[in-house]
Protein chains: 2
Amino acid sequence: MAVNIPVSSNPRIVIIGAGFGGIELAKSLADENVQVVLVDKNNYHTFQPLLYQVATAGLEPDSIAYPVREIFREQKNFIFRMAEVIELKPATNCVGTSIGDIPYDYLVVATGANTNFFGMKDVEKNALCMKCLSDAVELRNRILENFEQAVLTTSLEERDRLMTFVVIGGGPTGVELAGALGELKQVVLPHDHPELDFKKMQIHLIDMEDRLLKAMSPASSHSAEEFLGRHDVNVWLSARVLSCDGLKVCLSNGKTIPTQNVIWAAGVAGAIIPGLGQGSYAGSRIKTDATNKVEGYSNIFAVGDVACVVTEKTPRGYPMVAPVAMQQGQLLAQNLKAILAKNPDQKLFSYRNLGVMATVGRHHAVAELFFGNFQGFFAWFMWAGLHLMSLVGFRNKMVAMVNWIWSYFRYDSGLRLIIRLQHKNIS
Amino acid sequence: MAVNIPVSSNPRIVIIGAGFGGIELAKSLADENVQVVLVDKNNYHTFQPLLYQVATAGLEPDSIAYPVREIFREQKNFIFRMAEVIELKPATNCVGTSIGDIPYDYLVVATGANTNFFGMKDVEKNALCMKCLSDAVELRNRILENFEQAVLTTSLEERDRLMTFVVIGGGPTGVELAGALGELKQVVLPHDHPELDFKKMQIHLIDMEDRLLKAMSPASSHSAEEFLGRHDVNVWLSARVLSCDGLKVCLSNGKTIPTQNVIWAAGVAGAIIPGLGQGSYAGSRIKTDATNKVEGYSNIFAVGDVACVVTEKTPRGYPMVAPVAMQQGQLLAQNLKAILAKNPDQKLFSYRNLGVMATVGRHHAVAELFFGNFQGFFAWFMWAGLHLMSLVGFRNKMVAMVNWIWSYFRYDSGLRLIIRLQHKNIS
């Protein structure tokens, strides 16, 4: 059965996913004679770069999420449907979703990425991840509940397990999370729990590479490692996880860490949807040409993390980061306009890399920008400004700023809330 | 098995409940040679008067909740335990909780109130309530999901049921909620859902009395009824609910309203805990004397909504409102100090009623204060100021102010998020 969508004489462009790529594309089509149908399982856009702040009680969930309908309230040719996409049906030019089929003239897959456990079932079962808002809220609940449990237990072993956090993956997410945990240990949680000895709180950051932030320069890696060290984070390099049973983590370097808190930030895979031909997939991503057109189809495109733009210069595609997704969304809008105007020339995508940034902790970041490399407070200041500017919506900016100013002066955000919906309420 | 709590040579005062009464009492005991043990099933205090704002996407959940440990971080004689209290065991002077037994020298029950369905099973099954933070978040999710569903359905009957809201109970909560729903209809939701005809969105407020806000003056009731009328709220007086099956509500006045959204704000009952002697309970509350000492015990007290202070002047106790709880908490602290000082004279509680307020809608409230009665914007302004002042914590005040200023100018709060933890994550 087909989803109820107003009929339009204009061609319909269906976009799957309200991430950075999908939002940019839909915005860039605002003035065209098309019907833009955006489908997402959530009714909000998540500002993923700040998930770790929610997980460590630095920002409230609502200030990094923004309602999709709010973003497009002025856009007349825009239609939103909240649904999970189950299958692509290119033969009939429609998308199979949890609410029925949605026919399209042009389809753009912008589903982003999921956590990739590389088939490690025990990790998948026992580790928390950091990919969506409910992951972050769950991690926040877990951290806080553990300390409530730690004051109760009389078993020193259990208390140590509860107070030990192992972050797997030394990319930006893992580094940012470990740094934030270090601050919770040093400046926030001891005030909450005078009964506990916080020398016992351990934070471990594990990476298989020989340095953190491998995507950045050795200087940045060094700065991050040095800062984390000063903030009580134990960094284990050239080490991989062998097993994780919920009570301990075993590493390839022979070390075993007793812990009930393993956070997996070690890998992502494109959030592919079945239904395309074999040749259209490249591993866990969808293979496209330099115009983001999916291999083997004339009216299906993919942008962002899920898209693997295979060219001679990029045999394995572009890095799975927000700026790539946004630039691809913008360019695809232009190419779609050309197609609709029967104009044959298509622009080829190439990534304008404005730089990479990672915040390592309170007022310390590493940044490698087109105009130079920076470490420390100035880098953090740029990071904060950039992210505040990018946070969708004025209200969210204000709320985030209030929280940051507050924690700047108080070393404390007052968001340490364990909020769960009651089972009865989960539909 | 006993809960792990540091031993102290000082007498232990166990307080059940981190509501207005329990918090006030614990604060007032800050400088005494006692061990204050506060027990609550949540790790945060909820500012209940603003729950309806969370339910209608006016404030984020985090800005009306505040971590208990944060409130007391400077108080040396304070200990918090997160636990559900299951049973009182006065014979052995201890409290049975989900984490074990907690012995006490003095016990104060400050458990507040629960929703009272007066035994109507079908209402309990099919209605939402408004008593705790997860209720409010669930109601927010339900409202938003209904409109996502309404754009999908092709059945006009179903669409009407989804867009019809029935609030049962014409007290402050019901009035505030109905008013806020009226504003969502008039100024917020139509921008989100241009596909829907909002003339079809119905809001009904039902009360068994012959006027709303029975606790206030007829003038205030009239002002509220008149304002709600202007904001598309249908007020049904002298009517009670006969049945509620999830698809329709049947009223005693013969009217049947097709709806999938029934919000029950028609009654509360003391959140009593079993274990005391028969004579200690007065209906759904705990019977105390004018010093808040529980009938039949020398070291057990009750304050706030759960306490029924039976005197000649108050045969049925005091109204179940926050100011009563706070004043009782403050007075009980003094009386406990006297008892600990072997000082026999106990002060008797009498309620200083500074007035009642209810906000009916955007910039319109009714207030009856010791210095006069007010309606309209000025009353709303006082209401907003008072609640901002009372919101625990500077950060929360700032965030709430940002939201209110924002929605004042934008008629929109940007908090229309459907956020659910995934089932897997619900422990």
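Select A:Met357 and then A:Ala367 of S25(A): in this predicted model, the two residues stand opposite each other. Next, extend the selection to the whole of strand S24 (355-361) of chain A and to strand S25 (residues 364-369) of chain A; the two run antiparallel and are joined by 6 bridges.

Helix H8 (residues 218-230) of chain A should be displayed next, as this helix lies across S24, S25 and S26 of chain A and runs at about 175° to S25(A). Then add helix H10 (residues 377-390) of chain A, which also packs on the sheet. H10 touches S24, S25 and S26 of chain A, and its direction makes about 100° with that of S26(A).

To view the sheet as a whole, colour its strands in the order S24-S25-S26 (chain A): this is an open sheet of 3 strands with antiparallel pairing. S24 and strand S26 (372-376) of chain A are the edge strands, each pairing on one side only. On average, neighbouring strands of this sheet are turned by 5° against each other, direction ignored.

Now move to chain B and select strands S15 (residues 241-244) and S16 (residues 248-251), an antiparallel pair with 3 bridges. Within this pair, B:Val241 has B:Leu251 of S16(B) as its bridge partner. The hairpin has 3 residues between the strands, and B:Gly246 takes a positive phi near 95°.

Continue to strand S17 (residues 256-258) of chain B, which pairs with S16(B) in the antiparallel sense over 3 bridges. Here B:Cys250 is found opposite B:Thr256 in S17(B). Finish at the turn of this hairpin, where 4 residues separate S16(B) from S17(B) and B:Gly254 has a positive phi of about 90°.

Key:
Residues are numbered from 1 along each chain as its sequence is written. Chains are lettered from A and ligands numbered from 1 in the order in which they are written. This is a predicted model: local features need pLDDT of at least 70, side-chain atom pairs count only at pLDDT 80 or more; totals for chains, interfaces and linings use all residues. Side-chain values use heavy atoms; hydrogens and water are left out. Two strands pair if DSSP finds at least two bridges between them. Axes are lines fitted to C-alpha atoms, for helices over the stretch in contact, and angles run from 0 to 180 degrees between N-to-C directions. Contact means heavy atoms within 4.5 Å.
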